[in-house]
Amino acid sequence: MAAAPTQPEQFRGIPNIAEALRQQGYVADREVATAIHLSVVLHKPLLIEGAAGVGKTEVAKVMAQAIGTDLIRLQCYEGLDVHTALYEWNYQRQMLRIKLEEATGRPVEEKEQVIFSEPFLLKRPLLQAITAERAPVLLIDEVDRADEEFEAFLLEVLSDFQVSIPEIGTVRARHIPHVVLTSNRTRELSDALRRRCLYLWIDYPSFEKELTIVRAKVPEINERLARQICGFMQLVRTVPLAKVPGIAETLDWSAALMALHYEHLDPGAVEETLGCLCKDQEDLVRIRAHYVRPILDAVDAASGDGWTPERVGQLAAQLPRAR
Amino acid sequence: MDGRLSGSASLPPSSRGPADAASGPPGASDGPLRAGAAQARPGNLVANVTLFGRRLRSRGLLVGPAEIELALRGLGEANLADRGEVRLVLRTILCARAEDLPVFDEEFERFWSRPAPAPGSARPEDGGGTQRPPGAIPGGEPQGQLSVTEWSGEGAPEEDERAVPAYSPAEIRTRKDFAAFSADDLEAISELILLIARRIATRLSRRMRPARRGSLVDLRRTMRRSLQYGGDPAPLVWRRRKIRKAKLVLLCDVSGSMDVYSRFLVQFIYALQGTLGRVESFLFSTQLTRVTDALAQRDIKQALQEASRRVPDWSGGTKIGACLHTFNEEYGRRLVDPRTIVIICSDGWDTGDIDLLTSAMRTLRARAGRLIWLNPLLGSPGYEPVTQGMSAALPFVDVFASAHNVRSLRELERHLREPRRRHPLPRAAGPAPGRHAGRAVGGSGGTNR
């Protein structure tokens, strides 16, 4: 246990991370702080799962800030391949060079060596992360959207931290980057990848946590409206929806209500701004038809009490059960 | 390690979790961790973490020696006097899936909560979490505890023998013997499967491979070749889309009304799974059972026996809506995507909630690439899909075909080839007219249970 991996100098453990979290308008969440801490000190990739809009990507930003290093992001999508993730050759430059070399009469092999050398290489996120001067945070965002072949390739890179480029040879990592992977669970990731990583599950925020976030990100909001919004969010997330609204929706909604000069929530205000919350036509119809008033009533009824998970459960049980 | 153990250097006392405060005065009941820390017996900690890891593995978590070693390293960085922190450290390292978390929490409470017995002093009342021989599982566990990892497919073998939890007595628990079927059937099925497999395998990927002719220029190889021609990228090198296999999800009705066919269809599923690899299989009657891993066994007899043993309500009633809903909730997001073909084998006799069936079908249709419904009754002359369940489900189905004999299954291959029909989905109005109108009139929505 004495042989801990080398750590960045600025990194001073969990309190430091908690502070960085706070600066990002993130409530100093113990689970998140512990996961970031372990990922850094154990040098293990961190896999973060959770529904869309709970702030998974934020964690990588916080991590980069806490360590005081760069963030390199690789956004995954279906069909993502090595050319986009790792490296590509700068073809325009290569072509130009070949033209310039035309008159020199050097042998083809030599020319080839020139144009397939490092100056002609376009580094994509993975190669950037491996060759960076100091260990960056490498965010591999929405890894579930990439296909399985890419996942296998990623696994290889994450275990060896070296890649081979046929024309140049093997590139070994100067510093092992701090890797954060996020997944929305649209596809099951392989066990092999899971085992390689530490795991963090981020749930929808509690009332208190969300309230703190709203206060931090929409500072001009009045306390009553903020509490109503957060209460509404707690309850609306218990309704079976195709797209459950996340923190981003809460913030959008708060901003919209502020822009329209609403001081508190009433059915009219909610009706008018519901589009900020529900991004799915059927959800919108369903909430509008069955839930706006019952939820507002429940929010008003609960205004005096705390919003513990148990209380949310009780209030949710009284909502209509329409499918 | 010792340097980190003294005091609470890593965390101020105020930031400790509520669980910590509840566990009594420090030092009194913090369990084996406390004992290990105070008496500086790291050996204790290693043994405890190892045992804990084994327990988690027996519950289906992905915990091996590497994870245990990592957990110990992680604990070396943690404040061992802080139970909340220890829990979070172990949780972050030993869990790998969202499904692991409740199992972990339960096991953590059980394993780390009681005070550690001094070495050699047995605690007869609970067997002592730290005294258990490696790998042993206490005998008196109620079966309900297994519910989370039950169908995870990762379970240790000893778990499989206990994996049938208790269900309501209302369900009929007959278990059919799959072992008897003719060799002819098998042969026909495997022949058919190959056809289907080949067909499915021709779906296109977005990944590229070099090709003599293709749709896209392979710039890298073109550049290389152009060197011979003084830099003019004259002969273009092409690449084309690679062939990719689609994924299949099979949901087979094994309720009483399907008895004549289900035995046959499950064999079909078994063969399909064995041929294609990327197949997930489920059986349902009044509830849903995942049988992918049961059917993954090499020996077909064993596989079918295992599958029939797992389904608690074979030949029971049918609640298609509820089962599809469960599937959507628990597996849909992970297993179904636009490249997935979902095949439902059922006669559509639903004794459950039709509204639920409609909404479940809508969700499934929205997620899946193709939705195919195989109905064995479709083979009988004069049959029309007029059962309530069937007519509710039909608008969402891409292909509606029969599945009453091998020939009809063979025709499935043709259906898989056809592109998805683009017809407007019934939206708010739904196939049952007045459904939503009724809800609106009802006002509270409580009319829809």
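In this predicted model, 72% of the contacts in chain B between residues at least 6 apart in sequence join residues at least 24 apart. Chain B contains 19 helices and nine strands. The chain has 449 residues, and buried residues make up 37% of them.

The nonpolar interior can be followed next. The largest nonpolar core has 107 residues, and the members that touch the most others are Ile36(A), Met63(A) and Val180(A). A second core, separate from this one, has 55 residues. Among the residues of that second core are Phe268(B), Ile269(B), Val279(B) and Ala392(B).

Back in the largest core, Met63(A) is a useful place to start. Leaving aside residues up to four places away in sequence, Met63(A) touches Ile36(A), Val137(A), His178(A) and Val180(A). Two of these partners, Ile36(A) and Val180(A), are named with Met63(A) among the core members that touch the most others.

Ile36(A) and Met63(A) also take part in a contact between helices of chain A. Helix 2 of chain A covers residues 30-42 and helix 3 of chain A covers residues 56-67. Their axes lie 11 Å apart and the helices pack at an angle of about 60 degrees. An angle of this size falls outside the range of 65 to 115 degrees that counts as roughly perpendicular and is not under 35 degrees, so helix 2 and helix 3 of chain A are oblique to each other. Their crossing is right-handed. Helix 2 of chain A contributes Val32(A), Ile36(A) and Val40(A) to the contact, while helix 3 of chain A contributes Val59(A), Val62(A), Met63(A), Ala66(A) and Ile67(A). By type, the residues of this contact are eight nonpolar, no polar and no charged.

Helix 3 of chain A has another partner in helix 1 of chain A, which spans residues 14-23. The axes of helix 1 and helix 3 of chain A come within 9 Å and cross at roughly 125 degrees. Helix 1 of chain A is therefore oblique to helix 3 of chain A. This crossing, too, is right-handed. On the helix 1 side of chain A the contact residues are Asn16(A), Ile17(A), Ala20(A) and Leu21(A), and these meet Val62(A), Gln65(A) and Ala66(A) in helix 3 of chain A. The residues of this contact divide into five nonpolar, two polar and no charged. Val62(A) and Ala66(A) of helix 3 of chain A thus appear in the contact with helix 1 of chain A and in the contact with helix 2 of chain A.

Definitions and conventions
Residues numbered from 1 in each chain as written. Chains lettered and ligands numbered in written order. Predicted model: local features only at pLDDT ≥ 70, side-chain atom pairs only at ≥ 80, totals over all residues. Core = buried A, V, L, I, M, F, W, Y, C linked by C-beta atoms within 7 Å. Buried ≥ 20, exposed ≤ 12 C-beta atoms within 10 Å, placed from the backbone. Contact = placed C-beta atoms within 7 Å. Axes fitted to C-alpha atoms, helices over the stretch in contact; angles between N-to-C directions. Helix = DSSP H or I, 4+ residues; strand = E, 2+ residues; numbered from the N terminus. Parallel < 35°, antiparallel > 145°, perpendicular 65-115°, else oblique. Left-handed = near helix turned anticlockwise from the far one by under 90°. Nonpolar A, V, L, I, M, F, W, Y, C, P; charged D, E, K, R; others polar.
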